[in-house]
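Biologist: Could you take a close look at a single part of this model for me? I would like to hear about one residue and the helix around it, and then how that part sits in the whole chain.

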Amino acid sequence: MKIFLSGGSKSGKSMLAQRFLRDFPECGRRCYIATMQPHDEEDRRRIARHLTERDGWGFETVECPRDIEKCTELIAPDSAILLDSFTALLANEMFLPDGSCNERAADKIVPGLIKLLRHVKHAVCVSDFLYCDAALYDEYTERYRRALAQIDRAAALECDAAAEVVCGQAVWYKGGALV
């Protein structure tokens, strides 16, 4: 089973994803693929909160802020993964440490992501929903939003089920009956 979850910030996506990962039957390792690179104290607190929430659930954390395809070498095919999140992964791939912007970052991420999803037995993928506000953004931000949409669409197509998470509840758009 492969599940794609999208939703607003603090909507409960990660907790719901962790529950799905915990409950997948007949799998080897349960791996939480963490993509966030901490840049400030708020990021470090968020990471610490997620680690505390997962404590005792039997998840192994695999840090992968870039080059998602490498996870196919680190994770066995019978594993269940939670990839959290596309939003951070794209930021890491798009906005490089030297200050440059890789506008083709989604073109790198999508094939690696599909390879990883096809490699593992079960997966839950998490992304932030950044598409329905009425604000006008600069072209730089719009390029990021378009790239995230490209990744989200590819994941939703590859997954068996896709939902938007609102207040910790999944609103299923694809395959909800399977979950």
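Modeller: Happy to! Glu93 is in contact (heavy atoms within 4.5 Å) with Arg66, Asp67, Asn102, Ala105, Lys108 and Ile109, once its neighbours within four places in sequence are left aside. One of these partners also takes part in a polar contact: the Glu93 side chain reaches the backbone nitrogen of Asp67 at 2.6 Å. A polar contact here is a pair of N or O atoms within 3.5 Å; within protein, one must be able to donate a hydrogen and the other to accept it, and residues adjacent in sequence count only if both atoms are side-chain atoms. Glu93 has a relative accessible area of 1%, so it counts as buried. The classes are buried under 20% relative accessible area, exposed over 50%, and partly exposed in between, with a 1.4 Å probe and protein chains only.

Before going further, a word on the source: this is a predicted model, in which local features need pLDDT of at least 70, side-chain atom pairs count only at pLDDT 80 or more, and totals for chains, interfaces and linings use all residues. Residues are numbered from 1 along each chain as its sequence is written, and side-chain values use heavy atoms, with hydrogens and water left out.

Now to the helix. Glu93 belongs to helix H4, which covers residues 86-94 and has eight of its nine residues buried. Helices (H or I, at least four residues) and strands (E, at least two) are DSSP runs, numbered from the N terminus. Besides Glu93, the buried set of H4 holds Phe86, Thr87, Ala88, Leu89, Leu90, Asn92 and Met94. Their cover includes three strands, E1 (2-7), E4 (80-84) and E5 (122-128), along with helices H5 (105-119) and H6 (139-158). At the start of H4, the backbone nitrogen of Thr87 has a side-chain oxygen of Ser85 within 3.3 Å.

Helix H5, part of that cover, is also home to Leu117. With 1% relative accessibility, Leu117 counts as buried. Its contacts, leaving aside neighbours within four places in sequence, are Lys2, Ala123, Cys125, Glu158 and Cys159. The C-alpha atoms of Leu117 and Leu83 are 9.9 Å apart, while 34 residues separate the two along the chain.

Another covering element, E1, is followed by a loop that leads to helix H1 (13-23) and holds Ser11. Ser11 is buried as well, at 10% relative accessible area. A polar atom of the Ser11 side chain lies 2.8 Å from the backbone oxygen of Gly8. Not counting residues up to four places away in sequence, Ser11 touches Val165, Val166, Cys167 and Gly168.

For contrast, try Asp133, in the loop between E5 and H6. Its relative accessibility is 36%, so Asp133 counts as partly exposed. The C-alpha atoms of Asp133 and Lys2 are separated by 28 Å, with their positions 131 residues apart along the chain.

Finally, the whole chain. The protein has six helices and seven strands, in the order β-α-β-α-β-α-β-α-α-β-α-β-β from the N terminus. Buried residues make up 44% of its 179 residues. Of the contacts with a separation of 6 or more, 74% are between residues 24 or more positions apart. The C-alpha trace spans about 45 × 30 × 30 Å along its principal axes.
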